[in-house]
Amino acid sequence: MEIQKAEANFDGLTGLTHHYAGLSFGNEASARNRFQPSNPLNAVKQGLAKMKALADQGFIQGVIPPLSRPNLALLRQLGFTGNDPQVLQKALQQAPELLSAACSASSMWVANAATVSPSADTADQRVHFTVANLNNKLHRMTEAPATTRLLRAIFPDDTYFKVHHALPQTACFGDEGAANHNRLCNKDGSSPLELFVYGRDEKHPDRGPVRYPARQTLQASEAVARLHQLDPRHTLYAQQNPAVIDQGVFHNDVIAVSHREVLFCHEQAFVGQAGLLAKIRERLADFTPIIVPEQRVSVRDAVNTYLFNSQLLSFNDGSMSLVLPAEAEAHPGVWQYLQQVVAEDNPITDLQIFDLRESMRNGGGPACLRLRVALTARQCQAVNPAVLMNDQLFAQLNGWAEKYYRDRLTIDDLADPQLLTENNQALDDLTKLLKLGSVYEFQC
């Protein structure tokens, strides 16, 4: 089948400091694997393998580089003094959790990099990006400035692209990016509808979860819609079910995924779900909801397998492929349900399984690893071509990873000054390979 080249996926490369520290309260996979040794080399290769496989099928596939870590500026801001090795050692000895936060490789999950609206939806007919402020977690709230530079290097032409700075760093505007954003439309692309999902409304704080934090606010989603110049007639806001947040559904993309006319979600995903589905039906003639019953797949099993943290990709004939982590195939009940979905009358006709174990153990599946960007043919030509996956880039990035990445990393290793040197050298080479210019604030 020929692929419809309308939606590109830009996946994040895992950073050299990929480790398991359990930094993300509310992400149960992250907590379960805390302090286990990680394998950064396997992590980056697993991600590259998925990118290459999808590119080989004809999908537009790009690469987003990792951020520079350790974040020495953060450690100095927190009071650790001395030269670089001294700062790292002091942090390890006095507050290892802060060293871990400063070394987090969480930027690999680029679904949290930004919220994206395609030009078909925006008043000025440009693709709009609003970089996420990620202010619910220390290890992520420092990402926004560097992410802004990277996105502007990948989407450099202001004629076609507008990259907005992150929203103010305050709890009222907590923004987690595309992980809480869905876009739907009819089969022919008409009647676009952007669905923003929030966990809490600052005006009604009593209506949120009680065990785990709700990271996305309604106020942030509304601000992003204004920045993107969206027509209110093509915009909806829905609250994520607080009860599922308290079961480990820290982002909407852990309980729902959408593409074109399809919304694939759990029956407990949203507050007032029946009413929400009715509103979408009123706006989209082709709307095809696939609602998974709790009795077939529990919320717990959905969280453990990341069934919904999947990618939906469409072919020219209208059929779709569902890209899943290996954990979904390994669970008998989930896999049996997926066989039923493929057999039924809906656009999903194909299942693709990928080993993303290193990312999954830290709580990130296929959907976490990618930022979706719908592009016209002309806009695609305006993307920095050096970041688009092909045979040559795949070989170059694998060689680059083998040169610099370690195959084992623990918390103690984060204070190794050689790791900082390796990171700087690796990213210096990567910026040249991807023709990104001076996006990193370090001297190699």
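Below are legends for a set of close-up views of one chain, taken from a predicted model.

**Figure 1. The whole chain, before zooming in, with its 17 helices and 15 strands.** The radius of gyration comes out at 21 Å, close to the 22 Å that the globule rule gives for 444 residues, so the chain is as compact as a globular protein of that length. If you want a box around the C-alpha atoms, roughly 60 × 45 × 45 Å along the principal axes will do. Of the 444 residues, 61% are buried. Among contacts with a separation of 6 or more, 76% are between residues 24 or more positions apart. About 16900 Å² of the chain is exposed, with carbon and sulfur atoms supplying 48% of that area.

**Figure 2. Helix H2, residues 40–56, and how well its length fits the expected rise.** With 17 residues at 1.5 Å a residue, H2 should span 24 Å, and the C-alpha atoms at its ends are indeed 24 Å apart, so the two agree. Is H2 mostly covered or mostly open? It is mostly covered, as 12 of the 17 residues are buried. Among the buried ones are Pro 40, Leu 41, Ala 43, Val 44, Leu 48, Met 51, Leu 54 and Ala 55. The buried list also includes Gln 46, Gly 47, Lys 50 and Lys 52.

**Figure 3. The two ends of H2, with Asn 39 at the start and Gly 58 just after the helix.** At the start, a side-chain oxygen of Asn 39 comes within 3.2 Å of the backbone nitrogen of Leu 41. Past the other end, Gly 58 has a positive phi of about 100°.

**Figure 4. Gln 61 in strand S2, residues 61–64.** Gln 61 counts as buried because its relative accessibility is 3%, and the cut-off for buried is under 20%. Which side chain does Gln 61 meet in a polar contact of 3.0 Å? The partner is the side chain of Asp 11. Setting aside neighbours within four places in sequence, Gln 61 touches Asn 9, Phe 10 and Asp 11, along with Met 51, Leu 54 and Ala 55, and also Val 387, Leu 388 and Met 389. Three of these names will be familiar from the view of H2, where Met 51, Leu 54 and Ala 55 are among the buried residues.

**Figure 5. A cis peptide bond between Arg 69 and Pro 70.** Omega for this bond is near 5°. Pro 70 belongs to the loop between S2 and helix H3, residues 72–77.

**Figure 6. Two residues with positive phi that are not glycine, Leu 134 and Tyr 306.** Leu 134 has a phi of about 50° and is in the loop between strand S4 (127–131) and helix H6 (138–141). With a relative accessible area of 2%, Leu 134 is buried. For Tyr 306, phi is about 55°, and the residue lies in the loop between helix H11 (299–305) and S12. Is Tyr 306 buried or exposed? At 3% relative accessibility, Tyr 306 is buried.

**Figure 7. Ser 319 and its side-chain partner Asp 317.** Look for Ser 319 in the loop between strand S12 (311–314) and strand S13 (320–325). Ser 319 has a relative accessible area of 9%, so it counts as buried. A polar contact of 2.6 Å links the side chains of Ser 319 and Asp 317.

**Figure 8. Pro 156 in the loop between helix H7 (144–154) and strand S5 (161–164).** Pro 156 is partly exposed, at 45% relative accessibility. Which residues does Pro 156 contact once neighbours within four places in sequence are left aside? They are Phe 161, Ala 382 and Asn 384. For a sense of scale, Pro 156 and Pro 347 are 191 residues apart in sequence and 35 Å apart in space, C-alpha to C-alpha.

**Figure 9. Two cysteines, Cys 103 and Cys 172.** Cys 103 is buried, with 0% relative accessibility, whereas Cys 172 is partly exposed, with a relative accessible area of 23%. How many disulfides are counted? The count is 0.

How values were computed:
Residues are numbered from 1 along each chain as its sequence is written. This is a predicted model: local features need pLDDT of at least 70, side-chain atom pairs count only at pLDDT 80 or more; totals for chains, interfaces and linings use all residues. Side-chain values use heavy atoms; hydrogens and water are left out. Helices (H or I, at least four residues) and strands (E, at least two) are DSSP runs, numbered from the N terminus. The expected span of a helix is 1.5 Å times one less than its number of residues. Buried means under 20% relative accessible area, exposed over 50%, partly exposed in between (1.4 Å probe, protein chains only). A polar contact is a pair of N or O atoms within 3.5 Å; within protein, one must be able to donate a hydrogen and the other to accept it, and residues adjacent in sequence count only if both atoms are side-chain atoms. The radius of gyration is taken over C-alpha atoms; the globule rule is 2.2 Å times the number of residues to the power 0.38. Contact means heavy atoms within 4.5 Å. Accessible areas come from the Shrake-Rupley method with a 1.4 Å probe; for residues, only the protein chains shown count as cover. A disulfide is a pair of cysteine sulfur atoms within 2.5 Å.
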